[in-house]
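Here are my notes, set out as numbered points. Please read them with the structure open.

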Amino acid sequence: MRKLFNEFWRFALIAGILAISIIPDTSAQEIGTVRSAFLTIELDRFFSQSKFGLRIAREIDEAGELLAAENRQIEAELVLEEQGLTERRKSMEPIEFRQLADAFDEKVQEFRRVQDGKVRQLSQKRVNGQNILFQEARPVLEQLMRETGAVVILERSNVFLSANVIDITDVAITRIDAAIGDGSALEDGRE
């Protein structure tokens, strides 16, 4: 019972601090949020719904489709080669066949290594894109902090409870879209 009582007061204290820190301000209301020492943002949504993030996702999808088509083509070629090797086995010496089979296995393993590397590159493209966007967003987010009187922006998923009015994700998306568009020009000099 005492634990429940302590949890209640802890929650009440946090809620009180948040309530005190949320003071209406006309300049902050112009951007769709209130004056607050604390702001929240959903970084995944900030990335995925910005023009920049949408472009990165589209490029990854397109590259993924090309990679899948390439994989299917190579697989078909390997299947034909394996069938040919199986047919030739009947007329070959076991040692000669073993050498060809080992060479074929090495070829398959090399194919897997190369294609796995391409998949890793696609995954890294998203990470790189996020890093670029977050770096470019810093001045935008700092400006939002100044306008709202905030001292910190917290990742919304790490906040137990908050008022929706301190979430700046939509405003941040709108502002970063205005600042960098889809970011094509940014990546040209970084990749």
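How many residues does helix α6 have, and how far does α6 reach from its first C-alpha to its last?

1. **Helix α6.** This is a predicted model, and the note starts with one of its helices. Helix α6 covers residues 169-180, which makes 12 residues. From first C-alpha to last, α6 reaches 16 Å. That is close to the 16 Å expected at 1.5 Å a residue.

2. **Burial and the end of α6.** Which residues of α6 are buried? They are Thr169, Val171, Ala172, Ile173, Ile176, Asp177 and Ile180. Asp177 and Thr169 are thus listed with Val171 and the Ile residues. Just after α6 comes Gly181, with a positive phi of about 60°.

3. **Overall layout.** The protein has 7 helices and 2 strands. Read from the N terminus, the elements run α-α-β-α-α-α-β-α-α. The protein has 191 residues, and 29% of them count as buried. Take the contacts between residues at least 6 apart in sequence: 80% of these join residues at least 24 apart.

4. **α4 against α5.** Helix α4 spans residues 51-89, and helix α5 spans residues 94-148. How do they pack? The angle is about 175°, and the axes are 11 Å apart. An angle over 145 degrees counts as roughly antiparallel, so α4 is roughly antiparallel to α5. The residues of this contact divide into 18 nonpolar, 4 polar and 10 charged.

5. **Leu122.** This residue lies in α5. Is Leu122 buried or exposed? Its relative accessible area is 17%. The cut-off for buried is under 20%, so Leu122 is buried. Setting aside residues up to four places away in sequence, Leu122 touches Ile60, Ala63, Gly64 and Leu67. The C-alpha atoms of Leu122 and Glu59 are separated by 9.2 Å, although the two residues are 63 apart along the chain.

6. **Thr86.** Thr86 is placed in helix α4. With a relative accessibility of 45%, Thr86 counts as partly exposed. Its C-alpha is 9.1 Å from that of Ala101, and the two are 15 residues apart in sequence.

7. **The stacked pair.** How many aromatic pairs does the structure hold? There are 2. Phe46 and Phe134 form a stacked one, with 6.3 Å centre to centre and 15° between the planes. Phe46 sits in helix α3 (residues 43-49) and Phe134 in helix α5, so the pair ties together parts 88 residues apart in sequence. The partners can be judged separately for accessibility. Phe46, at 0% relative accessibility, counts as buried. Phe134, at 29%, counts as partly exposed.

8. **The edge-to-face pair.** Phe47 and Phe52 have ring centres 6.4 Å apart. Why is this pair edge-to-face? The planes stand at 70°, and planes over 60 degrees apart count as edge-to-face. Both Phe47 and Phe52 are buried.

9. **Points to check on screen.** Start with the α4 and α5 packing, at about 175°. Then look at Leu122 and its contacts, among them Ile60 and Leu67. Finish with Phe46 and Phe134, the stacked pair, and with Gly181 just after α6.

Notes. Residues are numbered from 1 along each chain as its sequence is written. This is a predicted model: local features need pLDDT of at least 70, side-chain atom pairs count only at pLDDT 80 or more; totals for chains, interfaces and linings use all residues. Side-chain values use heavy atoms; hydrogens and water are left out. Helices (H or I, at least four residues) and strands (E, at least two) are DSSP runs, numbered from the N terminus. The expected span of a helix is 1.5 Å times one less than its number of residues. Buried means under 20% relative accessible area, exposed over 50%, partly exposed in between (1.4 Å probe, protein chains only). Contact means heavy atoms within 4.5 Å. Axes are lines fitted to C-alpha atoms, for helices over the stretch in contact, and angles run from 0 to 180 degrees between N-to-C directions. Angles under 35 degrees count as roughly parallel, over 145 as roughly antiparallel, 65 to 115 as roughly perpendicular and the rest as oblique. Ala, Val, Leu, Ile, Met, Phe, Trp, Tyr, Cys and Pro count as nonpolar, Asp, Glu, Lys and Arg as charged, and the others, Gly among them, as polar. Rings of Phe, Tyr and Trp (its six-membered ring) pair if their centres lie within 6.5 Å; planes under 30 degrees apart count as stacked, over 60 as edge-to-face and the rest as tilted.
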